[in-house]
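Biologist: Could you take me through one part of this model up close? I would like to see how the helices pack in the nonpolar core, and what the contact between the chains is made of.

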Amino acid sequence: MSLLVFVGVYAVGNPIDILINPQADQEDRERAIAALGLDKTLPMQYLSFLSGVVHGDLGRSFVHATSALGLILERMPATLELAFAAMLIAIVIGIPLGLWAGLRPNGVAGRTIMAGSILGFSLPTFWVGLMLIMVFSVILGWLPSNGRGPTVDVLGIPVSFLSFEGWRHLLLPATNLALFNVALLIRLTRAGAHEALLQDYVKFARAKGLTNVRVIGVHVLRNILIPIVTVIGLQFGALIAFAIVTESVFAWPGMGKLLIDSINLLDRPVIVAYLLVIVTFFIVINLLVDILYSLLDPRVRLSESGT
Amino acid sequence: MGPQAADVAPVARVTDNASPLRRIASDFVANPIAIAGLALLALIIAAAIAAPLISPQNPYDLAQIDIVDSKLPPGSAAPNGGTYWLGTDDQGRDMLSAIFYGLRISLAVGVISTVVALIIGLATGLAAAYFGGRLEQLIMRIVDIQLSFPSILIALILIAVLGQGTGKVITALVTVQWAYYARTVRSAALVEKRKEYIEAAHCLALSPARIVFRHLLPNCLPPMIVVATVQVAAAIALEATLSFLGLGLPITEPSLGLLIANGYQYLLSGKYWISFFPGLALLLTIVSINLVADQLRDVLNPRLQK
């Protein structure tokens with residue numbers, strides 16, 4: 001896992017970008033280069049970056065002239081809020097639809113749901129975002145098309161979901177981001193339910209005379225939930241990454257939009273800091289999912305304690 | 001096709017070679033949705049190739065573009081007596097022509113990057129499976145690392161590092177894709193490697209290169225075809241996304257993604273056609289490729305054969 005971080009830093013630590021305004025004269029140019037530490041050789045820059053990292057400093061943004069890490073942390077709540085909202089939508093829509101399709105695989109509804117899920121995989125996220133804006137903001141005028149709206153501070157962190165206006169701003173981007181995961185959860189739940197229904201324990205539960213609701217709601221759902229929880233966990237990292245696209249479409253002031261702006265402005269410290277933050281995210285998420293997995297699945301837990 | 005092949009080749013070879021192909025073809029056409037997908041895809045490819053012939057206007061030729069005609073809605077009359085069926089963009093370009101040319105670029109980038117990635121993936125995956133040991137561990141570790149991150153993230157970081165341009169976008173797409181092929185071909189090759197015909201080839205003291213390329217490779221290809229088809233669609237979508245974010249192809253070669261991005265700013269003022277129609281073309285391309293891939297997967301999967 002530490003290799004992940006190393007590869008990432010190494011890849012971005014390599015290039016030298018030209019940042020200075022082309023109209024600046026030679027003197028200005030040299031002063032700016034020295035101020036940003038770009039006059040040193042590459043290994044020196046890398047070393048000073050590394051020593052900074054050890055002290056919790058990921059460098060200063062070339063453009064904003066503040067701490068790169070601070071910039072990202074400032075934007076992080078917006079991205080996390082968006083990702084959580086999207087995951088919530090995906091769970092609330094995806095699992096019931098998948099269950100329905102799994103229980104009646106040959107019905108019209110089941111087939112429609114599956115065809116719809118293929119569309120969910122095929123549609124490019126950014127275009128769906130544009131279409132959502134077109135329909136709900138431009139034609140119908142129901143929802144705002146960009147920004148976060150007014151935020152409410154909770155423990156010093158600005159959040160949108162506590163106000164009605166915030167919800168209105170959150171709904172479209174979250175739906176957009178959720179789309180892929182809705183399709184994924186539908187397929188996963190359907191496959192799980194389809195398989196579980198053929199198992200002996202379901203037949204046995206039925207033979208005991210349990211109601212259909214109880215068989216499906218308790219016995220089936222519990223068993224298919226293990227892979228679903230795993231995927232939800234792992235997909236959370238992907239959601240944060242894909243938020244880059246959604247944030248750009250909806251002008252949502254999160255980390256992803258910051259990354260795109262930084263790439264366009266060649267603001268290297270921010271790019272490096274973003275990469276480090278997101279790699280850390282992925283490592284933490286993978287770890288949490290592993291722990292969760294052993295908590296949920298008795299087989300994993302028992303085999304580990306057995307050895 | 002069949003009778004001609006029978007004239008040339010010995011009878012035994014014809015039954016061995018032609019019948020699986022014919023079976024695959026007949027299995028493929030059994031599904032009407034797959035045929036519709038294939039027909040649509042053929043139409044799209046034809047439109048892309050024939051773009052200069054069928055476009056009402058050359059969208060790159062400034063002499064044919066009049067800024068006065070900018071942002072006209074679909075169906076407006078063009079000054080040369082024609083009609084802007086899909087409207088015009090902010091430069092006064094005919095959207096239909098721009099889409100034909102954009103399809104060309106999007107498809108070319110998707111196919112080129114897939115072919116290059118396929119070759120790299122095949123070489124590394126086969127080497128990993130055949131030689132094993134440290135080499136295999138190294139290659140598969142890199143594959144694992146790469147596949148644990150979303151493709152959009154890897155592509156964006158690469159673009160941030162490499163800079164922008166057509167070659168760099170293709171490099172990014174290749175980097176994102178090769179790991180899928182390496183992993184798929186390795187798992188297929190590991191199964192094939194233990195089979196008797198490879199053992200027989202070893203007994204004949206054939207060179208490793210000959211065993212890998214003439215014996216192992218052809219038998220690992222069916223799953224690769226499916227993965228490659230899906231990946232063409234993924235590459236096209238990813239390129240469009242990068243272009244939309246302003247980090248893809250240069251403005252001089254507008255792909256579908258760039259056309260959509262171009263219309264984004266006019267969307268809010270109700271001029272939907274500049275973004276909508278290129279998006280529709282992109283969507284139809286991706287869906288038709290996925291439909292074909294879906295059917296190929298069923299047809300080529302030996303487990304589903306009766």
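Modeller: Happy to: here is a walk from one helix pair to the core and then to the contact between the chains. Please keep in mind that this is a predicted model. Let us start in chain A, with helix H4 (residues 68-103) and H9(A), whose axes come within 10 Å and cross at roughly 145°. The crossing of these two helices, H4(A) and H9(A), is right-handed. On the H4(A) side, the residues making the contact include Leu82(A), Ala83(A), Ala86(A) and Met87(A). H9(A) answers with residues including Ile232(A), Phe236(A), Leu239(A) and Ile240(A). Sorted by class, this helix contact holds 14 nonpolar residues, 1 polar residue and no charged ones.

Two of those names come back in the largest nonpolar core, which has 151 residues: Ala86(A) and Leu239(A) are among the residues with the most contacts inside it, along with Ala155(B), Leu156(B) and Tyr181(B). Helix H10 (residues 208-244) of chain B gives the most to this core, with 18 residues. Leaving aside residues up to four places away in sequence, Ala155(B) touches Ala172(B), Leu173(B), Val176(B), Leu238(B) and Leu242(B).

Now to the contact between the chains, which takes 32 residues from chain A and 31 residues from chain B. Several helices of chain A each supply at least two residues to the side that touches chain B, among them helix H1 (2-13), helix H9 (212-250) and helix H11 (268-296). That side of chain A divides into 27 nonpolar residues, 5 polar residues and no charged ones.

Conventions:
Residues are numbered from 1 along each chain as its sequence is written. Chains are lettered from A and ligands numbered from 1 in the order in which they are written. This is a predicted model: local features need pLDDT of at least 70, side-chain atom pairs count only at pLDDT 80 or more; totals for chains, interfaces and linings use all residues. A nonpolar core is a set of buried Ala, Val, Leu, Ile, Met, Phe, Trp, Tyr and Cys residues joined through C-beta atoms within 7 Å. A residue is buried if 20 or more other C-beta atoms lie within 10 Å of its own, exposed if 12 or fewer, and partly exposed in between; C-beta atoms are placed from the backbone. Helices (H or I, at least four residues) and strands (E, at least two) are DSSP runs, numbered from the N terminus. Two residues are in contact if their C-beta atoms, placed from the backbone, lie within 7 Å. Ala, Val, Leu, Ile, Met, Phe, Trp, Tyr, Cys and Pro count as nonpolar, Asp, Glu, Lys and Arg as charged, and the others, Gly among them, as polar. Axes are lines fitted to C-alpha atoms, for helices over the stretch in contact, and angles run from 0 to 180 degrees between N-to-C directions. A crossing is left-handed if the near helix is turned anticlockwise from the far one by less than a right angle, and right-handed if clockwise.
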